[in-house]
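Here are some quick notes on the pockets, as promised. Have the model open while you read.

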Amino acid sequence: ALAAIGGTVAVDAAAQEVVQALPNPASQQLTEALQRLSRNPESLPALVDAGRASLELNDIDAAAGFFGRARAVSPTDSRVLSGLAVVSLRQADPLAAIDLFEQADLAGAPADGQAADRGLAFDLIGDNANAQRMYAIALAQNDSPETVRRLALSYAIAGDLEASEATLLPLLQRRDLSAYRTRAFVLAIHGKADEAVSIAETLLPATLARRMAPYLRYMPRLTRAQQAAAANLGSFPEASQIGRDDPR
């Protein structure tokens with residue numbers, strides 16, 4: 001199976017040389033929102049749209065700026081609070097994100113809004129049970145591969161390797177390359193470092209695989225919250241902080 005994935009990577013890379021990438025729709029959405037803001041700098045809908053588009057474009061600083069301006073216009077708007085919660089999550093502050101999501105709920109945000117992001121926030125504080133509950137809500141609405149991968153990791157971190165593998169299997173059967181990366185972390189979390197490193201060596205350039213191997217080998221030493229940050233965000237703790245959580 002690993003050899004087959006190696007072949008898939010080569011085919012995909014060749015195909016990408018001749019296929020022009022489509023523009024991200026969020027770029028156009030941001031342009032339109034900025035045009036509206038040029039006419040009315042305090043337009044709440046335009047600020048929210050600009051913030052959401054910036055998140056889609058992974059420009060977290062810009063998103064924080066737009067949602068911050070929106071909060072100044074309407075401090076209790078549920079869309080603004082939800083946007084700020086996602087910004088906090090992307091800034092690796094899950095505690096602030098959870099608090100903002102709760103404020104958004106009180107302000108009338110849909111109970112299932114941003115369920116996948118809420119799930120990740122819970123995983124990042126080591127609360128896997130609530131994380132899995134939120135992922136289930138998200139998947140009931142949208143069978144997103146990213147959410148499936150997050151759920152598989154959450155099961156693995158919680159110690160349920162069987163559920164993790166069953167969750168991930170459909171993506172692996174479809175040759176989802178990101179699912180193989182997730183499987184490497186799942187195996188590493190459960191102390192199967194050699195198998196995890198083998199997957200990394202098959203999927204990644206040699207230099208990158210060598211750099212990643214030591215991190216995979218010390219995954220069992222991390223706390224649940226640290227494992228979630230490493231596997232989902234690529235954020236590893238400093239050596240002195242391995243196995244130590246933020247007191248909060």
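1. First, a word on terms. A pocket here is an open set of grid points where a 1.4 Å probe fits, with protein on both sides within 12 Å along at least five of seven lines. Its volume is the space filled by probe spheres set on those points. Keep in mind that this is a predicted model.

2. By that yardstick, the second largest pocket holds about 510 Å³ of space. Its lining counts 19 residues, and Pro94, Leu124, Ala225, Asp245 and Asp246 are the ones closest to the centre.

3. Who builds that second pocket? Both α6 (94-106) and α14 give at least two lining residues apiece, with α14 making the largest contribution at four. Sorted by class, the lining has 10 nonpolar, three polar and six charged residues.

4. Now for the largest pocket, at about 940 Å³. It is lined by 33 residues, and closest to its centre you'll find Arg90, Ala116, Asp117, Glu146 and Arg150.

5. Quite a list of helices chips in here: α3 (44-56), α5 (78-90), α7 (115-123), α8 (128-141), α9 (145-157), α11 (177-189) and α14 (224-233) each put two or more residues into the lining of the largest pocket. The largest share is from α5, with six residues.

6. What is the mix of residue classes around the largest pocket? Its lining splits into 11 nonpolar, 12 polar and 10 charged residues.

7. One helix to look at twice is α14: it gives residues to the lining of the largest pocket and also to that of the second largest.

Note on methods: Residues are numbered from 1 along each chain as its sequence is written. This is a predicted model: local features need pLDDT of at least 70, side-chain atom pairs count only at pLDDT 80 or more; totals for chains, interfaces and linings use all residues. Side-chain values use heavy atoms; hydrogens and water are left out. On a 1 Å grid over the protein atoms alone, a cavity is a set of points where a 1.4 Å probe fits but cannot get out, and a pocket is an open set with protein on both sides within 12 Å along at least five of seven lines; lining residues have an atom within 4 Å of a point. Ala, Val, Leu, Ile, Met, Phe, Trp, Tyr, Cys and Pro count as nonpolar, Asp, Glu, Lys and Arg as charged, and the others, Gly among them, as polar.
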